[in-house]
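Morning, everyone. Please take a look at the structure on the screen, and I'll walk you through it.

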Amino acid sequence: MVTSGTTPALATEGLTRRYGRRVALADCTLRIPPGRVVGLVGPNGAGKSTLLQLACGLLAPTSGKVSVLGARPGTRLARVGFVAQDTPVYAALSVADHLRLGARLNPAWDAAFAARRVAALGLDPRQRAGRLSGGQRAQLALTVAAAKRPELLILDEPVAALDPLAREGFLRTLVESVAELGATAVLSSHLLSDVERVCDHLVVLTGGRVRLAGDVTALLDAHHRATAPPPPGADVVHGAIVRGPLPAGTGAGPVQLEELVLAYLRGEGDPR
Ligand SMILES: Nc1ncnc2c1ncn2[C@@H]1O[C@H](COP(=O)(O)OP(=O)(O)OP(=O)(O)O)[C@@H](O)[C@H]1O
């Protein structure tokens, strides 16, 4: 089945996952349109990895629904690329072995892209993955996932182990290949500056709940920074950040993405 341009890349409805009595994700309803670079942000323990693993079919929901490219998670393996937080590679296999394995397992494998990236990263194709540095292992895992040419690329903190230059280069390549393929990327990150630079859709999770989700431009349009104390009745997210229009005459300015995210991370109001 080929997904249409309107099939959400990822959709969840009332998605809940418990570990024993601990609720890791609660009643999560999301609809991520195709073609976006999505930033998934939230503090430690917010439920980001849980959501991404549910999307990949590595975890089963306790209740609720999740669909990926219009199908059940885990049924579109060749079309979904996933890099887990610990960027797993096969320690005993060389860099070249990883690329050969990728080519054998993935029908849409882009060998030229993989070879180009390995060369640009300065990785020795003969080196065993177990002997690479943490950042180099992350780069290899990302290269393998991207060379699958997936329709959906799911990355759990992909740039955490990379140095600033490598991070910039990786994010640039990611945005370029997502645009070229018309694909979707969902990446969790603690680095708001990276999210601000590359993401055009945002999901903020705290305490297992979705606090904010939507296209970045729409979210920025829907919020303001009050330049004077917000009047009674204003929908204050946190501090000076207000949702919706302010009454005429109340001073307000545009809001930056980073301060918007921080307001939702700090705010303790109801999920929006
Ligand atoms: N295997 C597990 N068994 C029990 N509890 C778990 C398990 N995995 C996650 N949790 C709990 O579920 C909650 C969400 O964890 P999760 O790893 O999804 O958060 P996260 O947002 O990815 O955090 P981080 O930014 O630290 O990676 C946390 O309270 C965590 O302790």
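Let's start with one pair of strands. β5 and β6, the latter covering residues 152-156, pair in the parallel sense over four bridges. Find F82: its bridge partner in β6 is I154. Before I go on, a reminder: this is a predicted model.

Now widen the view. Which strands make up the open sheet around that pair? There are six, in the order β5-β6-β7-β3-β8-β9, and the pairing is mixed. At the edges sit β5, residues 80-83, and β9, residues 209-215. Each of these two pairs on one side only. Neighbouring strands in this sheet are turned against each other by 10° on average, ignoring direction.

A helix packs on this sheet too. That is α8, residues 257-266, which touches β3 (37-41), β8 and β9. The direction of α8 makes about 25° with that of β8. Hold on to α8; we will meet this helix again.

Next, the start of the chain. Strand β1 is residues 10-19, and strand β2 is residues 22-32. They run antiparallel, joined by seven bridges. Together β1 and β2 form a hairpin, with two residues between them. In that turn, G20 has a positive phi of about 60°. Y19 stands opposite R22 in β2.

Y19 and R22 bring us to the ligand, since both are among the residues around it. Who else is there? The list goes on with A24, G42, N44, G45, A46, G47, K48, S49 and T50. Two elements, β2 and α1 (48-56), each supply at least two residues of this shell. Which one gives the most? It is α1, with three residues. By class, the shell has three nonpolar, six polar and two charged residues.

On to the other sheet. Four strands form an open sheet in the order β11-β12-β10-β13, with antiparallel pairing. β11 (235-238) and β13 (252-253) each have a single partner strand, so one side of each is left without a neighbour in the sheet. Inside it, strand β10, residues 223-226, runs antiparallel to strand β12, residues 241-243, and three bridges join them. R225 stands opposite I241 in β12. And here is α8 again: this helix packs on the four-strand sheet as well, touching β10, β11 and β12. What angle does the direction of α8 make with that of β11? About 90°.

Now step back to the domains. The protein is divided into domain 1, residues 10-211, and domain 2, residues 222-266. Their centres, taken over C-alpha atoms, are separated by 32 Å. How many residues are in contact across the two? Seven residues of domain 1 contact five of domain 2. On the domain 1 side, the elements giving two or more residues are α6 (192-198) and β8 (201-206). By class, that side of domain 1 has four nonpolar, one polar and two charged residues.

Last, the record. UniProt, in an unreviewed entry, lists residues 10-232 as "domain: ABC transporter". Over that stretch the chain is 34% helix and 28% strand. The end C-alpha atoms of the stretch are 38 Å apart.

To recap: a six-strand mixed sheet, a four-strand antiparallel sheet, and α8 packing on the one and on the other. Add the β1 and β2 hairpin, and the ligand shell where α1 gives the most. Thanks, and over to you.

Terms used. Residues are numbered from 1 along each chain as its sequence is written. This is a predicted model: local features need pLDDT of at least 70, side-chain atom pairs count only at pLDDT 80 or more; totals for chains, interfaces and linings use all residues. UniProt positions are given in the numbering used here, feature names are shortened, and annotations may be inferred rather than shown by experiment. Domain bounds come from an automatic or database domain assignment. Ala, Val, Leu, Ile, Met, Phe, Trp, Tyr, Cys and Pro count as nonpolar, Asp, Glu, Lys and Arg as charged, and the others, Gly among them, as polar. Two strands pair if DSSP finds at least two bridges between them. Axes are lines fitted to C-alpha atoms, for helices over the stretch in contact, and angles run from 0 to 180 degrees between N-to-C directions. A residue is near a molecule or strand if its C-beta atom, placed from the backbone, lies within 6 Å of it.
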